[in-house]
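Reader: I would like the reasoning behind the labels on this structure. Please set each value against its cut-off.

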Amino acid sequence: AKPLISLNQLLLESWGKTKQNWSCNLQLSMGFLGLALLSFLLNLIAYLTLQEFHPLLRLIEAFLIQGLGSLWVTMRLTQTVLMQDQDKKGKLELSGNFKTYLSFLWVGLLGGLATLGGGLVFVLPGIWLLVLLSFSTYLFLEEDLRGTRALAASAQLVQGRWWETFLRLLIPGLLVTI
């Protein structure tokens, strides 16, 4: 397995890409704000007209707007960042048809269920699986690996360097959170 870049180099390169592509990524990230606004408006209209939030509206809001909508924005943002990482110039041509979306959802669901299963056994297997499968959606988008093939490829990427990968996921994640 090829050695990973240093954590310092990862942070510096990531920050450089972030600064370089700031406006494009911000425009795509505004989709999350749009979803929150749509959810707020739905809640406001329901409250003003029904004086309560009907369970069917809650289901629509939670599943369609927040769940599937957020997943769509995440997929588009991830595709864009992958293209930027490959230094593709010109107009972004993103694949985003319904079949691609369902496959992205399926890979994410499989990884989430595996991680949840490991977490139910004990916390440590859940964390181990989370790191092991964390690249499955990227591999789907970048290499068109679907279903369990994406999960297996992610596990193969991490194999033999779990701790290094864990630190490269944890430290930038903490920095972004702070």
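Reader: Why is D144 called partly exposed?
Author: Its relative accessible area is 42%. Buried means under 20%, exposed over 50%, and partly exposed lies in between, with a 1.4 Å probe and protein chains only. D144 falls in the middle range, so it is partly exposed. The model is predicted: local features need pLDDT of at least 70, side-chain atom pairs count only at pLDDT 80 or more, and totals for chains, interfaces and linings use all residues. Residues are numbered from 1 along each chain as its sequence is written, and side-chain values use heavy atoms, with hydrogens and water left out.

Reader: What makes the pair D144 and R146 a salt bridge?
Author: The closest N and O atoms are 2.9 Å apart. The rule asks for a side-chain nitrogen of Lys or Arg within 4 Å of a carboxyl oxygen of Asp or Glu. The pair meets that rule, so it counts as a salt bridge. A search of the whole structure finds 1. R146 is partly exposed, because its relative accessible area is 31%.

Reader: Where does D144 sit, and what is its phi?
Author: D144 comes just after helix 6 and takes a positive phi of about 55°. Helices (H or I, at least four residues) and strands (E, at least two) are DSSP runs, numbered from the N terminus. By that count the protein has 8 helices and 0 strands.

Reader: How do you know that S103 is buried?
Author: Its relative accessible area is 14%. That is under 20%, so S103 is buried. S103 lies in helix 4. Leaving aside neighbours within four places in sequence, S103 is in contact (heavy atoms within 4.5 Å) with F140 and R146.

Reader: Which residues of helix 6 are buried, and what do they pack against?
Author: They are S136, T137, L139, F140 and L141. They pack against helix 3, helix 4 and helix 7. L141 contacts M75, T78, Q79, L82 and F104, leaving aside its neighbours within four places in sequence.

Reader: What makes a set of residues a nonpolar core?
Author: The members are buried Ala, Val, Leu, Ile, Met, Phe, Trp, Tyr and Cys residues joined through side-chain atoms within 4.5 Å. The largest such core has 21 residues, and F104, L132 and L141 touch the most other members. Helix 3 (55–85), helix 4 (98–121), helix 5 (123–132), helix 6 (136–143) and helix 7 (148–158) each supply at least two residues. Helix 7 gives the largest share, 5 residues.

Reader: Why can L41 belong to a surface patch?
Author: Patch members need over 30% relative accessible area and no salt bridge; like charges are joined within 9 Å, and nonpolar side chains (Val, Leu, Ile, Met, Phe, Trp, Tyr) within 5 Å. L41 has 39%, so it passes the area cut-off. L41 is found in helix 2 (residues 22–50). L37, F40, L41, L44, I45, Y47 and L48 form the nonpolar patch, with about 710 Å² of accessible area together. Such areas come from the Shrake-Rupley method with a 1.4 Å probe; for residues, only the protein chains shown count as cover.

Reader: What is the mean pLDDT, and which elements mark its extremes?
Author: The mean is 84, and 92% of residues reach 70 or more. pLDDT is the predictor's confidence in each residue, from 0 to 100. Helix 3 has the lowest mean among the elements (79), and helix 7 the highest (95). Where pLDDT is low, the predicted coordinates should not be read in detail.
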